[in-house]
Amino acid sequence: MEKSNVVLDIAGLLIGFDTRFPEYIRERCGKYLATERRLARAGGDILHLEATEEDVRKANVNNVGEMEAECYAMTIPLSEQCPALGRMMTHGVAIECDGKGFIFTAGSGVGKSTHAFLWQKYLGEDRVRIVNGDKPILWFRPDGEILACGSPWSGKECLDENVQVPLRGICLLTRLELSGADAPFATRATREEALDFLLHQIFIPRDPQRNILTLRLLEALYEKVPVYNLYITKSPECVRVSSECLLNTSTI
C-alpha cells in the first residue's frame, strides 16, 4: 500500500511520518497536526520517520489492528532519534498542577493512572490536568529547563494534551503491600535508586552512541528534578503524601 506523509508537531519537533493510513493518523493525532504557520516558521526543518513492518508487528502484539499498530509503531523510530535531539520518551503518566509538571512512573498495573486521577479528584480538575497517560516525552532544552510534553501515544484512555510544562518532580511508584508498611509514605530517591528504576521506564536506543546520550540525559534529569520513591494504595491519603513532596519542593 502506498504511503503518505503526515507532519505532526510533538515536543517541539516537526515530525513527518510516512503512513499507510494518513486519514486515521490525522484523526487519531489531530491535536498534534502541524499548522501552516508552524511549518513556515520551521523552514523545512522536518524529521522524517517511518515505522518498519517489524515495528508494526511488535506494536500489534495485542491485536489492536493495523491502523493503531502503525500509529504506536511510530514511537520506535522516534524514540531512536530522541536522545540526539535532546528528548527522551518515558513510560509514565505526566500531569500538570498549578502550572508545574510531574510524572508518576512504574511498571504496568501498579497504579500510575489511578494516582493521577486521585490528584484530579482531591486537588480539583481546575488545578490538575493529564498531560499524557502513557508516553510523555521529556524535552531537555539548551537553557537547562526540562519540559514534560504531551504526545498522541497516551494509553487506552487516550488522555493527552499538546502542551509542554516545566518538569518539577518525579514519583517512582511501588505498591504499598510490597514495602511491608501499613500507610503510604515517600522517601527521596538516591541517585542509584532513581537511575535503576528509570532505566526500566524509558526507551533504550539500539545504537551505542545514543545509549550514551540517553544515560547523560538521565544523569541531567536526576540532577535537575527531585525524584521520590512513593509507596501507594488507592487511598486519598496517597495524594497528601505525594503532593506534599512534589508541590513543596518544586521551587526550581
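A residue counts as buried when its relative accessible area is under 20%. In this predicted model, Val225 has a relative accessibility of 2%, so Val225 is buried. Val225 belongs to the loop that runs between helix H8 (208–224) and strand S12 (227–232). If you would like a sense of scale, take Val225 together with Asp9: they are separated by 216 residues in sequence, and their C-alpha atoms are 25 Å apart.

**The nonpolar cores**

Let's move to the interior. The largest nonpolar core holds 46 residues, and Ile95, Phe104, Trp119, Leu138, Leu167, Ile170 and Leu221 have the most contacts inside it. Strand S10 (residues 164–175) is the biggest contributor to this core, giving six residues. There is also a second, separate core, made of 23 residues, with Leu13, Ile15, Cys29 and Leu49 among them.

Leu138 is worth a click in your viewer. Leaving aside residues up to four places away in sequence, Leu138 touches a set that includes Met88, Ile103, Ile146, Leu147, Leu167 and Leu221.

**Rings and a charge**

Four aromatic pairs turn up in a search of the whole structure. In one of them, Phe185 and Tyr231, the ring centres are 4.5 Å apart and the planes meet at 15°; a pair counts as stacked when its planes are under 30 degrees apart, so this one is stacked. Phe185 sits in strand S11 (residues 185–188) and Tyr231 in strand S12, so the pair ties together parts 46 residues apart in sequence. Phe185 is partly exposed, with a relative accessible area of 29%, whereas Tyr231 is buried at 19%.

Ring pairs also join Phe102, Phe104 and Trp119 into a cluster. Elsewhere, Arg188 places its charged end over the ring of Tyr228, 5.4 Å from the ring centre.

**Helix H6**

Helix H6 covers residues 112–123, twelve in number, and spans 16 Å from its first C-alpha to its last, close to the 16 Å expected at 1.5 Å a residue. Its buried residues are Lys112, His115, Ala116, Leu118, Trp119, Gln120 and Leu123. A general point helps when reading such a list: an α-helix has 3.6 residues a turn, so residues three or four places apart point the same way. Right after H6 comes Gly124, with a positive phi of about 105°.

**Asn132, a buried polar residue**

Asn132 is part of strand S7 (residues 128–132). With a relative accessible area of 0%, Asn132 is buried. Its side chain reaches the backbone nitrogen of Lys135 at 2.5 Å. A polar atom of the Asn132 side chain also lies 3.4 Å from the backbone oxygen of Trp153. Not counting residues up to four places away in sequence, Asn132 touches Gly92, Val93, Ala94, Gly150, Ser151, Trp153, Ser154, Leu159 and Asp160.

**Positive phi outside glycine**

Two residues to check by eye are Asp98, with phi near 55°, and Cys158, with a positive phi of about 55°; neither Asp98 nor Cys158 is a glycine. The table gives their places and their exposure.

| Residue | Place | Relative accessible area |
|---|---|---|
| Asp98 | loop between strand S5 (93–97) and strand S6 (100–105) | Asp98: 44%, partly exposed |
| Cys158 | loop between strand S9 (146–149) and S10 | Cys158: 39%, partly exposed |

How values were computed
Residues are numbered from 1 along each chain as its sequence is written. This is a predicted model: local features need pLDDT of at least 70, side-chain atom pairs count only at pLDDT 80 or more; totals for chains, interfaces and linings use all residues. Side-chain values use heavy atoms; hydrogens and water are left out. Helices (H or I, at least four residues) and strands (E, at least two) are DSSP runs, numbered from the N terminus. Buried means under 20% relative accessible area, exposed over 50%, partly exposed in between (1.4 Å probe, protein chains only). A polar contact is a pair of N or O atoms within 3.5 Å; within protein, one must be able to donate a hydrogen and the other to accept it, and residues adjacent in sequence count only if both atoms are side-chain atoms. Contact means heavy atoms within 4.5 Å. Rings of Phe, Tyr and Trp (its six-membered ring) pair if their centres lie within 6.5 Å; planes under 30 degrees apart count as stacked, over 60 as edge-to-face and the rest as tilted. A charge sits over a ring if NZ of Lys or CZ of Arg is within 6 Å of the ring centre and within 35 degrees of the ring normal. The expected span of a helix is 1.5 Å times one less than its number of residues. A nonpolar core is a set of buried Ala, Val, Leu, Ile, Met, Phe, Trp, Tyr and Cys residues joined through side-chain atoms within 4.5 Å.
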